[in-house]
Amino acid sequence: MAPTPITLQQLTYFLAAVEHGSLSAAAEAHFVAQPSLSEQIRRLEHQLGVTLFVRTNRKLILTDAARMLIPHAQRTVAAAEEAATAVNPVRNLTGGTVSIGTFSSAHHLIHTDLVANFRALYPQVNVRIVGLNSVQVADAVRDGQLEAGLVALPVDDRGLDVGPVEWAAEAVYLTRDPDRARRPLSIQEVAEASLILPETRWGDMDPTRRQLLSLAQNAGVTLHPVVEVESPSVALELAARGVGDTIISLPLANSLGATKTLHWASLTPPLFETFAFITRRYASLSPASTILIRLARQLLAQLPQAQPPTDTSSPSAVTAT
């Protein structure tokens with residue numbers, strides 16, 4: 001059986017006893033009861049297999065073993081103090097780097113204000129925001145590459161804690177033809193359209209694609225996009241040129257100026273994208289990440305908010321890109 005490791009507390013108490021010459025004075029200096037300090041030193045002696053002090057009525061007398069241990073204990077305690085000092089910038093928000101991930105199109109909605117607001121408060125902390133598909137963000141948080149993420153739901157939540165929905169947006173049908181946007185469109189009508197879909201790299205794994213696929217399957221139709229691209233902005237530009245129609249969240253389309261040139265209509269049933277923060281299960285967030293998430297929540301609260309149905313068993317209530 002492996003020996004019980006020596007603790008930093010034991011070495012600290014040992015050095016205090018050496019410095020003060022008595023267990024009672026050492027205990028008083030560390031604001032602990034003498035029996036507690038004495039017990040830790042007894043355990044240290046047991047683990048080392050030597051006697052460190054000869055106890056007399058007047059003072060402690062150091063043994064040869066104690067004198068040999070002193071410089072090693074001093075270096076160990078000093079190294080621990082240096083380690084604690086090294087992370088002070090992270091704890092005090094005077095240095096370090098905060099890293100979080102967001103769904104891929106969040107840079108059109110909140111990134112600029114989020115970074116500017118955080119840096120105005122903590123100019124010595126570096127900020128790293130990674131915009132990826134929500135599938136990638138979930139993997140990066142799960143693997144410890146990112147502390148937290150703002151993702152579209154649903155995601156694979158193995159090893160993750162998923163917070164409550166922070167923002168909901170309606171995904172709408174956008175077209176250059178005003179006649180096609182006079183009323184809500186059914187999934188059957190969407191299936192018959194010349195459809196341009198973003199997030200081509202992730203395809204049916206993408207949350208919004210998953211929702212569209214579910215609606216189509218339930219209706220007995222199949223979606224065959226004529227064009228697949230990575231970027232929602234490219235999908236909107238192609239729709240504006242009449243290549244086809246697309247489905248994008250309305251706030252994003254507004255942010256990109258697409259609603260000035262394209263007409264839009266809801267789907268029936270409506271399609272909603274919902275977004276939440278994720279963290280690694282049982283992990284504690286750094287102070288910087290906690291504040292960055294709080295600032296992001298404030299910005300999300302200022303965005304147009306859709307009201308998805310409360311029945312999450314409906315495909316249109318679950319979603320996102």
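These questions and answers cover why certain residues of this predicted model carry the labels they do.

Author: This is a predicted model, where local features need pLDDT of at least 70, side-chain atom pairs count only at pLDDT 80 or more, and totals for chains, interfaces and linings use all residues. Residues are numbered from 1 along each chain as its sequence is written, and side-chain values use heavy atoms, without hydrogens and water.

Reader: Why is Glu 199 called buried or exposed?

Author: Buried means under 20% relative accessible area, exposed over 50%, partly exposed in between (1.4 Å probe, protein chains only). Glu 199 has 2% relative accessibility, so it counts as buried. Its phi is near 60°, a positive value in a residue other than glycine.

Reader: What makes Phe 31 buried or exposed?

Author: Its relative accessible area is 78%, so Phe 31 is exposed. Phe 31 also has a positive phi, about 55°, although it is not a glycine.

Reader: And why is Ile 6 called partly exposed?

Author: Ile 6 has 39% relative accessibility, so it falls in between.

Reader: Which residues of helix 6 are buried?

Author: His 111, Leu 114 and Phe 118 are the buried residues of helix 6 (residues 111-121). Helices are DSSP runs of H or I with at least four residues, strands are runs of E with at least two, and both are numbered from the N terminus.

Reader: How do you know on which side they lie?

Author: They cover an arc of only 65° around the axis, so they sit on the same side of helix 6. The arc is that of the directions from the helix axis to the C-beta atoms. Thr 112 and Ala 120 are exposed on the other side.
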